[in-house]
Amino acid sequence: MIIPIDALEADTLYSLAESFVLREGTDYGAEEVALDVKVQQVLNRLKSGEAVLVYSELHESVDIKRKEDIEPSEAEEQ
């Protein structure tokens, strides 16, 4: 299920983006980028619609995925 970003408080959205950035294995760049910059990049992608928040009932968790990468079943309950 896709969660609209405007359904969350700003602090909650920021925390989700920060958690996503801090996951092990998400830093593949040749140059080091500050945490705040990475979080802002994720937030910008969410706001532009390039990325979406996806809630998994099975895992009881929220993930951030590129819009084109989501499964049709994940988007059903919009």
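Helix α1 of this predicted model runs over residues 10-22, and its length checks out: at 1.5 Å a residue its 13 residues should span 18 Å, and the end C-alpha atoms are indeed 18 Å apart. Leu13, Ala17 and Val21 are the buried residues here. Looking down the axis of α1, you'd find its buried residues within an arc of 75°, so they line one face of the helix. What do they pack against? The buried residues of α1 pack against α2, β2 (51-56) and β3 (61-66). Flip to the face turned away from that buried side and you meet Asp11 and Leu22, which are exposed.

Over in helix α2 (residues 35-48) sits glutamine 41. Buried, exposed or in between? Glutamine 41 is partly exposed, because its relative accessible area is 37%, and the cut-offs put buried under 20% and exposed over 50%. Its C-alpha atom is 9.1 Å from that of alanine 17, although 24 residues separate the two along the chain.

Zooming out, the chain has three helices and three strands, and going along the sequence they come in the order β-α-α-β-β-α. Here are a few numbers for the chain as a whole:

| Property of the chain | Value |
|---|---|
| Buried residues, out of 78 residues | 23% |
| Contacts between residues 24 or more positions apart, out of those with a separation of 6 or more | 43% |
| Accessible surface | about 5,800 Å² |
| Part of that surface belonging to carbon and sulfur atoms | 48% |

Terms used. Residues numbered from 1 in each chain as written. Predicted model: local features only at pLDDT ≥ 70, side-chain atom pairs only at ≥ 80, totals over all residues. Heavy atoms only, no water. Helix = DSSP H or I, 4+ residues; strand = E, 2+ residues; numbered from the N terminus. Buried < 20%, exposed > 50% of the residue type's maximum accessible area, 1.4 Å probe, protein only. Contact = heavy atoms within 4.5 Å. Areas by Shrake-Rupley, 256 points an atom, 1.4 Å probe, with all protein chains shown as cover. Expected span 1.5 Å × (residues − 1). Arc of directions from axis to C-beta.
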